[in-house]
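Take a look at the protein–DNA assembly below. The walk goes from the symmetry of the chains to their interface, then to each DNA strand.

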There are 2 protein chains.
Amino acid sequence: MSDRLSRLFAALADPTRRDIVTRLVVGDATVSELAKPYDVSLQAVSKHLKVLEEAGLVSRSREAQRRPVHLEAAVLAEMTSWIHRHQQAAEERYRRLDAVLAVLDADLDADLDADLDADLDD
Amino acid sequence: MSDRLSRLFAALADPTRRDIVTRLVVGDATVSELAKPYDVSLQAVSKHLKVLEEAGLVSRSREAQRRPVHLEAAVLAEMTSWIHRHQQAAEERYRRLDAVLAVLDADLDADLDADLDADLDD
DNA sequence: CACCTCCTCAACCAATTGGTTGAATACGAC
DNA sequence: GTCGTATTCAACCAATTGGTTGAGGAGGTG
């Protein structure tokens, strides 16, 4: 699971980590600030931050004994790009398939109409 | 990790599963067709498909003894929505922060200019 | 210096994951 | 009914994950 995209998806597959990302949207925060809302140990949150950092979603600087955590929003674009590409392509395919089916339906209706006309001729 | 979004992200955190999704974009496929490119067992691929199915990314019908796999492209929109929301919000915040910093810089430049003018007056 | 705060490292543990093999099911063909 | 093909189920295994506790390390403050 070592490639970049896998690490990105895996990082956001945990609700606590998604929560942390949501929190970081409104501004940088220290580890203890981030840990406060949860009833897990500070070390557990520290581990989550390490995962987010290794995925490139977050960066940490140093400020006295604090380690402010910063969201790297641009990286999120990498994921949307992958997802969007697939979504678009698949939906385009279905759209074309629908068009083909619509044509087939139209032909079927035309045939039925022809049959009906033939019946009326009786 | 039981919530919907977590299952979605986790499902795409595996390169083989992302590969399968990519393959399914061009059309439905059976389990053995999907397994062919990989040197893992058919059962392993079957397990991957189960993960994708439980995440809602894929659906399976029945056609004789085959089980054609179908990509549910619409579900991908759920992920893009989450990511995009966060990305947008964070970037908007940075944009505003940049604006504030720009104003501070302008003020600083103005002060420097004033100092320079004062010096010239000497 | 000693002390307190913020945070990480290390070792451990239970649960989950991605893989295996072997047996079982479902269905069409002979 | 028997055979072959397509797929899943079950049991197992090693590696990873998300959590814990305990012991530091880094850096201000008395």
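What rotation, and what shift along its axis, superposes chain A on chain B? The rotation is 180° and the shift is 0.0 Å, with an RMSD of 0.0 Å. The fit is by least squares on the C-alpha atoms of residues with pLDDT of at least 70 in both copies. The two copies are thus related as by a two-fold rotation axis. The same surface serves both copies, as 100% of the contact residues of chain A recur in chain B.

Some conventions come next. This is a predicted model, in which local features need pLDDT of at least 70 and side-chain atom pairs count only at pLDDT 80 or more, while totals for chains, interfaces and linings use all residues. Residues are numbered from 1 along each chain as its sequence is written, chains are lettered from A and ligands numbered from 1 in the order in which they are written, and side-chain values use heavy atoms, with hydrogens and water left out.

Now the protein–protein interface. Here 36 residues of chain A are in contact with 36 residues of chain B, where contact means heavy atoms within 4.5 Å. The area buried between chain A and chain B is about 2700 Å². That is the accessible area (1.4 Å probe) that two parts lose on being put together, summed over both. Carbon and sulfur atoms give 68% of the buried area.

Polar links cross this interface too. There are two salt bridges between chain A and chain B. A salt bridge is a side-chain nitrogen of Lys or Arg within 4 Å of a carboxyl oxygen of Asp or Glu. One joins Asp3(B) and Arg18(A), at 2.8 Å from N to O. Eight residue pairs between the chains are in polar contact, both residues at pLDDT 80 or more. A polar contact is a pair of N or O atoms within 3.5 Å; within protein, one must be able to donate a hydrogen and the other to accept it, and residues adjacent in sequence count only if both atoms are side-chain atoms.

Which elements of chain A supply at least two residues each to the side that touches chain B? They are helix H1 (4–11), helix H2 (15–25), strand S2 (69–71) and helix H5 (73–121). Helices (H or I, at least four residues) and strands (E, at least two) are DSSP runs, numbered from the N terminus. H5(A) gives the most, with 16 residues. By class, this side of chain A has 22 nonpolar, eight polar and six charged residues.

Turn to DNA strand D. Of the 23 residues around it, Lys47(A), His48(A), Ser32(B), Ser46(B) and Arg60(B) come nearest. Sugar and phosphate account for 60% of the strand D atoms that come within 4 Å of the protein. The side chain of Ser41(A) has an N or O atom 2.7 Å from a phosphate oxygen of strand D. For Arg60(B), the corresponding distance to a phosphate oxygen is 2.5 Å. Gln43(A) instead has a side-chain N or O atom 2.8 Å from a base oxygen.

DNA strand C is surrounded by 23 residues, and the closest are Ser32(A), Ser46(A), Arg60(A), Lys47(B) and His48(B). Sugar and phosphate make up 64% of the strand C atoms within 4 Å of the protein. A side-chain N or O atom of His48(B) is 2.2 Å from a phosphate oxygen of strand C. Arg62(B) has such an atom 2.8 Å from a sugar or linking oxygen. Gln65(B) has one 3.4 Å from a base oxygen.

Key: Nonpolar A, V, L, I, M, F, W, Y, C, P; charged D, E, K, R; others polar. Near = heavy atom within 4 Å.
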